[in-house]
Amino acid sequence: MTPPDQAAMRFATMSGETILTINGGSSTIKFSVYRVGDSLSRGLTGKVDRIGGSGTRLTFCEQDSEESTTLDIDATDYASTVDFFVDWLQTNEVLDSVNAIGHRVVHGMQYTMPELVTQELIDELYRISPYAPSHLPGEIALIEALRTRSPNLPQVVCFDTAFHRTMPRVATLLPIPRRYESKGVQRYGFHGLSYEYLMQELNRMGDPAAVSGRVILAHLGNGASMAAVRDGQCIDTSMGFTPSAGLPMSTRTGDLDPGLFRFLTQHEGMTADQFDQMVNHESGMLGVSETSSDMRDLLAVEATDIRATEAIALFCYQAKKCIGAYVAALGGLDTLVFAGGIGEHSPVIRVRICEGLKYLGIELNEKRNLENSPMISPMVARVGVRIIPTNEEVVLAQSVSETVAKLVKIFDPHSPKVSTTSATKQGT
């Protein structure tokens, strides 16, 4: 482990833990404050959205309050938005009230565990930025801005790719010339913090498949992916070298014939940057429907708009195919979990995905499914089908707490052990 700097040593003097979690995306920054005790208790929570466009705003809600406050942000890009956000945290004494900060970082290459932020780590994040150019620069900007403003406030990063580091080599290989593997070109997988939380919850619920069984996790939201888990370890996932791969999503293509790039460059004059813009921001449900990236909007008009009908059908068809492929990879299935905005809240999409899969043991109870019940399969079924609301922020807070405990033990073995908590104790 890297020798401690001032921030690391501050861990050893923590008398109580209050953790700020930050989930920085390409156009949003979500944040929450958690107090660690016998369980995780959330206080302040909020988000900055529409970054880089018009109407950038910060919305936040205090603990136990049902009313939120919204502030307009006069910012033209990600950097100026970060400056506003960090100023707001300092002005409202949030930075003075917390002991540590946890960041979700989308790409971690070969990292398998949360890491304390040091200059060495920041340098490494800069080096791997080309592997996630839509996410890592903004995440680094947040880390550095907070480090400049509060240099002695320890920060921990949790990598979205870490959950998938247990995949067997055959699941990480890309069928391109081997020389590119030495440059880090392989399948990584994402949504790892969500998947980690879902497995913790599955274990808390007493589902034996969480420890010694075959599980498919379906994180279906604006970003959509699936993961196949055997005996608690990920063996495959639908996203690959980038989060653009796999299932069609709100605005991302999912898997795409690579020959399309050559066709569009030759016949449409499309550049690499324009292709990237199309693949990530103009495709998926938005591209096929030509009206909306939101599944709720599409369901509302599918009876009268064939484009919406086809977008929904494509999403459900590809999800069904992925489930079938993962049942084959796992050698069977014990539990299927739906999560994410669509997975948690859309009974009709769950029906269409699971329709025709009875031969695999996948069945839905109509009443429970319509009610979005935690268990939506029949009481007696070969495969348990569950809905689990995901919570990446809880995993962030838990990971920071566990990192705190480890550092206290390593750097100051005579200090009392800092209390830690499992995210499995936190409901959603």
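**Exercise 1.** In this predicted model, find which kind of contact joins the side chains of Asp-334 and Arg-214, and work out where the two residues sit.

*Solution.* Start with the contact: Asp-334 and Arg-214 form a salt bridge, with an N to O distance of 3.2 Å. That fits the rule, because the cut-off for such a pair is 4 Å. Next, place the partners. Asp-334 belongs to the loop between α13 (306-330) and β12 (335-339), while Arg-214 is in strand β9 (residues 214-220). The two are 120 residues apart, so this pair links distant parts of the chain. Finally, check exposure: Asp-334 is partly exposed at 26% relative accessibility, and Arg-214 is partly exposed at 26%.

**Exercise 2.** Explain what the salt bridge of Asp-87 and Arg-149 ties together.

*Solution.* First, look at the atoms: the closest N and O of Asp-87 and Arg-149 are 2.7 Å apart. Then find the elements. Asp-87 is in helix α2 (residues 78-91) and Arg-149 is in helix α5 (residues 136-149), so the bridge ties together parts 62 residues apart in sequence. Last, Asp-87 is partly exposed, at 38% relative accessible area, and Arg-149 is partly exposed too, at 30%.

**Exercise 3.** Asp-294 and Arg-296 also form a salt bridge; decide whether Arg-296 is buried or exposed.

*Solution.* Begin with the pair, whose N to O distance is 2.7 Å. Arg-296 has a relative accessible area of 66%. Values over 50% count as exposed, so Arg-296 is exposed. Its partner Asp-294, at 21%, is partly exposed.

**Exercise 4.** How many salt bridges are there in the model, and which residues are linked in a network with Arg-104?

*Solution.* The count is 16 salt bridges. In the network, salt bridges link Arg-104 with Asp-160 and Glu-392.

How values were computed: Residues numbered from 1 in each chain as written. Predicted model: local features only at pLDDT ≥ 70, side-chain atom pairs only at ≥ 80, totals over all residues. Heavy atoms only, no water. Helix = DSSP H or I, 4+ residues; strand = E, 2+ residues; numbered from the N terminus. Buried < 20%, exposed > 50% of the residue type's maximum accessible area, 1.4 Å probe, protein only.
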